[in-house]
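Visitor: Please take one buried part of the protein and look at it closely, side chain by side chain. After that, I would like to hear about the other contacts and about how far the coordinates can be trusted.

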Amino acid sequence: MRALLIGANGYLGRFVADRLLADPAVQLTALGRGDDADVRFDLATGSPGALTRFLDAVHPQVVVNCAGATRGGARELTRHNTVAVATVCEALRRSGCGARLVQIGCGAEYGPSQPGSSTAEDAVPRPGGPYGVSKLAATELVLGSGLDAVVLRVFSPAGPGTPAGSPLGRLAEAMRRAMQSGDGELKLGGLGAQRDFIDVRDVARAVHAASLSAAQGVINIGSGRAVRLRDAAGILARVAGYGGALHELDGPPGVHLRPAIGHPRADPDHAAPVAYPYPDGCGSWQQADVRTARDRLGWRPRINLEESLADIWMEAACRI
């Protein structure tokens, strides 16, 4: 199988590349903005015509799109998450390769959900921020393209390579600093949110399965279990061997300060940090219904959160 991977250098893309390369039946070509890509191409600025010519030359059977942006203003997110996907869809429509498209979506497309509920693929999406809006627009473009395509809505990825600026990344960095300084007390904020964490290696397995399947439409990729961020902090402390006390900082509703995970002890001259919303626009709760992935892809998550957090900690602990 000839596969074209877009975004191979990104957080998810690196693991997808490893998974596809491990399959001896897959011939992989990486397309991206970095110097180490097989072919350099910027989806946000490149034309559909240029991408079509490349598709006709390589003639892939599957195109996997892991490219995109998670941060930035609405304009930047739209350019990288929506316009870029429009370019891919138009190029595939023009090309004679007939490739299948596997698009990486995200759980943020759904927006807030009822605590205790599991979100299935037929839920009406109501994204709570520009990131979710830009990804939902991309999903709608794919679904309306007429292509042989599937969108994997990945919930909250975790594990090795987790960005230092993500909630779990900041949590690990805060703990590293506390242990380095011998601080026996770590004050954290914003730990009330509950999210469905899924290991990036399990995501890569799902992408591989979707590439080989005939499934179309939207498929959720998650663990099927919501975990409170404060519980994740407790697991991280255990795997890190941090014996200090974890104190959660709470504040009155409506008060918005800078992200509070990992602030040092409050001193008398500065206001204590308070809890802040989880930055995906999904409110206090999100949990995936993953039965469709099981039934249509034969996929189940294998890696538990403790192993994912242990890998996050290993990388944080090695940081100077």
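Guide: R153 is a good place to begin, since its relative accessible area is 3% and it is therefore buried, where buried means under 20% relative accessible area, exposed means over 50%, and partly exposed lies in between, with a 1.4 Å probe and protein chains only. This is a predicted model, in which local features need a pLDDT of at least 70 and side-chain atom pairs count only at pLDDT 80 or more, while totals for chains, interfaces and linings use all residues. Residues are numbered from 1 along each chain as its sequence is written, and side-chain values use heavy atoms, with hydrogens and water left out.

R153 belongs to strand β6, residues 149-154; helices (H or I, at least four residues) and strands (E, at least two) are DSSP runs numbered from the N terminus. The side chain of R153 makes a polar contact of 3.2 Å with the side chain of Y110. A polar contact here is a pair of N or O atoms within 3.5 Å; within protein, one atom must be able to donate a hydrogen and the other to accept it, and residues adjacent in sequence count only if both atoms are side-chain atoms. R153 also places its charged end over the ring of Y110, 4.6 Å from the ring centre, where the rule asks for NZ of Lys or CZ of Arg within 6 Å of the ring centre and within 35 degrees of the ring normal.

The ring of Y110 has an aromatic partner as well. The model has one aromatic pair, counted when the ring centres of Phe, Tyr or Trp (its six-membered ring) lie within 6.5 Å, with planes under 30 degrees apart called stacked, over 60 edge-to-face and the rest tilted. That pair is Y110 with F155, tilted, with 6.0 Å between the centres and 35° between the planes. The two residues are 45 apart and the pair links distant parts of the chain, Y110 lying in the loop between β5 and α4 (130-143) and F155 in the loop between β6 and β7. Y110 and F155 are both buried.

Strands β5 (100-106) and β7 (156-158) also appear in the surroundings of helix α1, whose buried residues pack against them and against β1 (2-6), β2 (27-32), β4 (62-65) and α6 (200-212). A contact is counted when heavy atoms lie within 4.5 Å. In α1, residues 11-21, the buried residues are Y11, L12, G13, F15, V16, A17 and L20.

Charged pairs can be followed into helix α6. The total is 14 salt bridges, each being a side-chain nitrogen of Lys or Arg within 4 Å of a carboxyl oxygen of Asp or Glu. D199 meets R201 at 2.7 Å, N to O; D199 is buried at 1% relative accessibility, whereas R201 is partly exposed at 25%. R205 and D202 meet at 2.8 Å, and these two, three residues apart in α6, are separated by about one helical turn. R205 is buried at 11%, and D202 is buried at 0%. In helix α5 (residues 167-181), E173 and R176 have the same spacing of three residues, about one helical turn, and their closest N and O atoms are 2.7 Å apart in a salt bridge. An α-helix has 3.6 residues a turn, so residues three or four places apart point the same way.

Two loop residues deserve a look. D42, in the loop between β3 (39-40) and α2 (48-58), is partly exposed at 24%, and its side chain reaches the backbone nitrogen of A44 at 3.0 Å. H59, in the loop between α2 and β4, has a positive phi of about 55° although it is not a glycine. Most residues other than glycine have a negative phi.

As for trust, the average pLDDT is 90, and 91% of the residues score at least 70; pLDDT is the predictor's confidence in each residue, from 0 to 100. Residues 251-260 stay under 50, although the model gives them 17 contacts beyond four places in sequence. Residues 263-276 are likewise below 50, with 31 contacts in the model beyond near neighbours in sequence. Where pLDDT is low, the predicted coordinates should not be read in detail.
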